[in-house]
Amino acid sequence: MDPIKLLNSKFKYKYDSRWFDRWRILDTSQEKVEGDCEDYSLTFVYLASDQSLRKFWKNLLLRKFSLHYVKTPRGEGHIVCKHNGLYIDNIQKTFRTKEEYIEKGYKFLFPVPVVFVATKMLFAQVGKLFP
């Protein structure tokens with residue numbers, strides 16, 4: 001199944017705790033999955049990488065996929081995923097150009113460094129040990 005169709009059919013937005021923001025790949029073998037914007041983006045990259053962590057990290061390191069920090073039209077911090085010159089997130093749920101996002105009121109601030117992504121994902125694993 002197409003990674004976007006699979007993810008969109010199962011994804012439900014759920015805000016992370018304001019004290020602990022978990023960056024994780026969601027388990028799409030479940031009937032429904034809950035997460036926030038970075039979970040959506042990371043899960044999309046994982047699914048598009050044939051559900052292989054090796055390919056997932058390779059794709060991020062080689063910038064085939066990249067995460068970008070933006071401000072939404074309401075001024076909230078948000079993550080979108082870039083792939084092949086187009087962007088997708090859990091709000092739009094379909095690929096759009098950067099110009100289309102800007103027209104909708106998004107403000108692109110910076111690409112998220114891969115080392116930051118890895119660190120946040122590592123802390124999410126540590127967070128499981130201390131709920």
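**Exercise 1. Is leucine 86 buried, partly exposed or exposed?**

Solution. This is a predicted model, in which local features need pLDDT of at least 70, side-chain atom pairs count only at pLDDT 80 or more, and totals for chains, interfaces and linings use all residues. Residues are numbered from 1 along each chain as its sequence is written, and side-chain values use heavy atoms, with hydrogens and water left out.

Step 1. Take the classes: buried means under 20% relative accessible area, exposed means over 50%, and partly exposed lies in between (1.4 Å probe, protein chains only).

Step 2. Leucine 86 has a relative accessible area of 31%, so leucine 86 is partly exposed.

Step 3. Leucine 86 belongs to strand S5; strands (E, at least two residues) and helices (H or I, at least four) are DSSP runs, numbered from the N terminus.

Step 4. Leaving aside neighbours within four places in sequence, leucine 86 is in contact (heavy atoms within 4.5 Å) with Cys81, Phe95, Arg96 and Thr97. The C-alpha atoms of leucine 86 and arginine 96 are separated by 5.5 Å, although these positions lie ten residues apart in the count along the chain.

**Exercise 2. Give the order of the strands in the open sheet and find its edges.**

Solution. Step 1. Two strands pair if DSSP finds at least two bridges between them. The open sheet has four strands, in the order S5-S4-S3-S6, with antiparallel pairing.

Step 2. Strand S5 (86-88) and strand S6 (107-111) each have a single partner strand, so they stand at the edges and one side of each has no neighbour in the sheet.

Step 3. On average, neighbouring strands are turned by 40° against each other, direction ignored. Axes here are lines fitted to C-alpha atoms, for helices over the stretch in contact, and angles run from 0 to 180 degrees between N-to-C directions.

Step 4. Helix H2 (residues 37-48) packs on the sheet and touches S3 (65-71), S4 and S5. The direction of H2 makes about 15° with that of S4.

**Exercise 3. Find the bridge partners of lysine 71 in S4 and in S6.**

Solution. Step 1. S3 is joined to S4 by seven bridges and to S6 by four bridges.

Step 2. The partner of lysine 71 in S4 is glycine 77, and in S6 it is lysine 107.

Step 3. The hairpin of S3 and S4 has five residues between the strands, and there glycine 75 takes a positive phi near 85°.

Step 4. On the other side of S4 (residues 77-83), three bridges lead to S5; cysteine 81 stands opposite isoleucine 88.

**Exercise 4. Is threonine 43 buried or exposed?**

Solution. Step 1. Threonine 43 lies in helix H2.

Step 2. Its relative accessibility is 0%, so threonine 43 counts as buried.

Step 3. Leaving aside neighbours within four places in sequence, threonine 43 is in contact with Leu7, Arg24, Ile25, Leu26 and Thr28.

**Exercise 5. Place asparagine 59 in its helix and list what it touches.**

Solution. Step 1. Asparagine 59 lies in helix H3 (residues 53-61).

Step 2. With a relative accessible area of 12%, asparagine 59 is buried.

Step 3. Not counting residues up to four places away in sequence, asparagine 59 touches Ser49, Lys64 and Phe65.
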